[in-house]
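Got the viewer open? Load the model, switch to cartoon, and keep the selection box handy.

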Amino acid sequence: MERFLVTGGSRLAGEVGVPGAKNSVLKLMAASLLAHGRTTLRAVPDILDVEVMADVLRALGAAVDRDLTRESLSIDVPARPGAAADSDIVRRIRASVVVLGPLVARCGEARVALPGGDAIGARALDMHVNGLTKLGAVVDVEAGTLVARSSGRLQGASIWLDFPSVGATENLMMAGALAKGTTVIDNAAREPEIADLCAMLTAMGAKLDGAGTSTLVIDGVDELRPTVHDTVADRIVAGTFAIGALMTGGDVLIRGGRADHLDIVLDKLTTAGATVDVRGDGFRVVADRPPRSIDVVTLPYPGFPTDLLPQTIALEAVSEGVSLITENVFDSRFVFCRELLKLGADLRTDGHHVVVRRTDRLVGAPVVASDVRAGAGLVLAGLVADGTTDVSEVHHIDRGYAGFVEQLRDLGANVRREPPAAR
Ligand code: EPU
């Protein structure tokens, strides 16, 4: 496994572009399965998870072509896609579970190996299963594979989610789009990536109301058509650079960043001492004083995103004062804290809370990226640590950040990718 060597002490300054969102494009790719023919996605980030999802679609019979220069992806879906994706491919990313809804709606059967992905919690699938069952599918686990079957067309139903799960909302929206009658999803997730999927489904001919609200109403149609769609900008990548700018006393224009998707984050960063200037083409974050501590509670959108939690804990490790951070979405995101302690952070975890005090200095050390956001948090910590931080398992970072090393270097950071350390 490759690693990143991050030498601290540089200030991030300049401009950085924000690619399309990982957590949107993977679902847009799954949505292409709802229609026979060629769908084109644009602003597709050059990340590992897109490659894996492309392999999932290929295993279902689609022809997938990437044009890296144009950042586009063309997906040609056959009249009858397969029901099962290769289990080894599917297990590599949890997002592959969102092929379940489109496939069972369109083909009457879907088989998806129980998914893998980041090691950040139990990540149950009960809401996906219960929702699809309400729509008339029979869902079972057979030898580690989730199997959904429907003898006829799915039937619209009212579904109340226990928690606004992003993946369950997406799966059920896609299934409902081709079901007979009306589907209502209450307590639906409201993330910008959900609104992006709604926009694509609407362009495909779906009848959908309530995008971006907690109640989605979907009138099922007989057939959907392929479309061309631009992926929404990645708010988590944008937020990561914003936090990096504040930590390093930097000045970064985050081009293409959607400040309106980061309201609470930018408000918190302003409280912490950053100046945020929202412009037509993105937003600029300037930090001309050391950061002050902030308290943060993660919640589903529009709350503070869990996907910026590790980066925020890294920020708090060098912020003046004491910070209380509460994680409400995943149960194992604090695995990251163990690694941050190796750099000398002053923090204590208790259940889903972590208390972080400013430390005089972080010192570079070998650390392990346990998931994509933990990896980003460790890189940010390395930027302000003395000496060199050696981040291993960076394939996790490559899952969600396109050209992270190059982007950071363009901003003046001293970061490089290295082959694995010799044992
Ligand atoms: N949950 C259940 N039952 C379910 C579904 C979810 O208990 O049926 C629980 C999960 O275990 C978790 C919580 O509900 O504790 C939230 O899960 P959710 O379904 O909302 O998350 P997800 O769809 O699995 C997506 C993103 C995550 C992001 C979350 C929350 C993708 C591919 N993943 O996951 O992104 O953290 O929404 O916003 O879209 C990342 O990019 O680093 C990442 C982990």
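What follows is a short tour, from the whole chain down to single residues.

**Before you click**

This is a predicted model, where local features need pLDDT of at least 70 and side-chain atom pairs count only at pLDDT 80 or more, while totals for chains, interfaces and linings use all residues. Residues are numbered from 1 along each chain as its sequence is written, and side-chain values use heavy atoms, with hydrogens and water left out.

**Stop 1: the whole thing**

Zoom out. The protein has 14 helices and 23 strands; both are DSSP runs, numbered from the N terminus, with helices being H or I of at least four residues and strands E of at least two. Along the principal axes, the C-alpha atoms fill a box of roughly 65 × 45 × 40 Å. The radius of gyration is 21 Å, which agrees with the value near 22 Å for a compact globule of 423 residues (taken over C-alpha atoms; the globule rule is 2.2 Å times the number of residues to the power 0.38).

Now colour by burial. Of the 423 residues, 56% are buried, meaning under 20% relative accessible area, with exposed over 50% and partly exposed in between (1.4 Å probe, protein chains only). Switch on the surface: the accessible area is about 15900 Å², and carbon and sulfur atoms own 48% of that (Shrake-Rupley method, 1.4 Å probe; for residues, only the protein chains shown count as cover). Among contacts with a separation of 6 or more, 73% link residues 24 or more positions apart, a contact being heavy atoms within 4.5 Å.

**Stop 2: Thr39**

Select residue 39. Thr39 sits in strand S3 (residues 37-42) and is buried, with a relative accessible area of 0%. What is it in contact with, leaving aside neighbours within four places in sequence? Show Ser32, Leu73, Ser74, Ile75, Met200, Pro226 and Thr227 to see the partners of Thr39.

**Stop 3: strand S8 and its two partners**

Select 145-149. In strand S8, 4 of the 5 residues are buried. Add 109-113, which is strand S6: S6 runs antiparallel to S8, joined by 5 bridges (strands pair if DSSP finds at least two bridges between them). Glu109 is the residue opposite Arg149 of S8.

Then add 138-142 for strand S7, also antiparallel to S8 and joined to S8 by 5 bridges. Here Val139 has Ala148 of S8 as its bridge partner. S7 and S8 make a hairpin with 2 residues in between, and Ala143 in the turn has a positive phi of about 50 degrees.

**Stop 4: a four-stranded sheet**

Look for the open sheet of 4 strands in the order S2-S14-S16-S15, with mixed pairing. Strand S2 (13-17) and strand S15 (275-279) are the edges, each pairing on one side only. From one strand to the next, the twist averages 15 degrees (axes are lines fitted to C-alpha atoms, for helices over the stretch in contact, and angles run from 0 to 180 degrees between N-to-C directions). Inside the sheet, S14 (residues 251-255) and S16 (residues 282-286) pair antiparallel over 5 bridges, with Arg255 partnered by Gly282 of S16.

**Stop 5: helix H11**

Select 335-342 and show side chains. Which residues of helix H11 are buried? They are Phe336, Cys337, Glu339 and Leu340. These lie on the same side of H11 because they cover an arc of only 160 degrees around the axis, judged by the directions from the helix axis to the C-beta atoms. The buried residues of H11 pack against helices H10 (309-317) and H12 (372-384), along with strands S19 (346-350), S20 (353-357) and S21 (366-368). Last click: Gly344, following H11, with a positive phi near 100 degrees.
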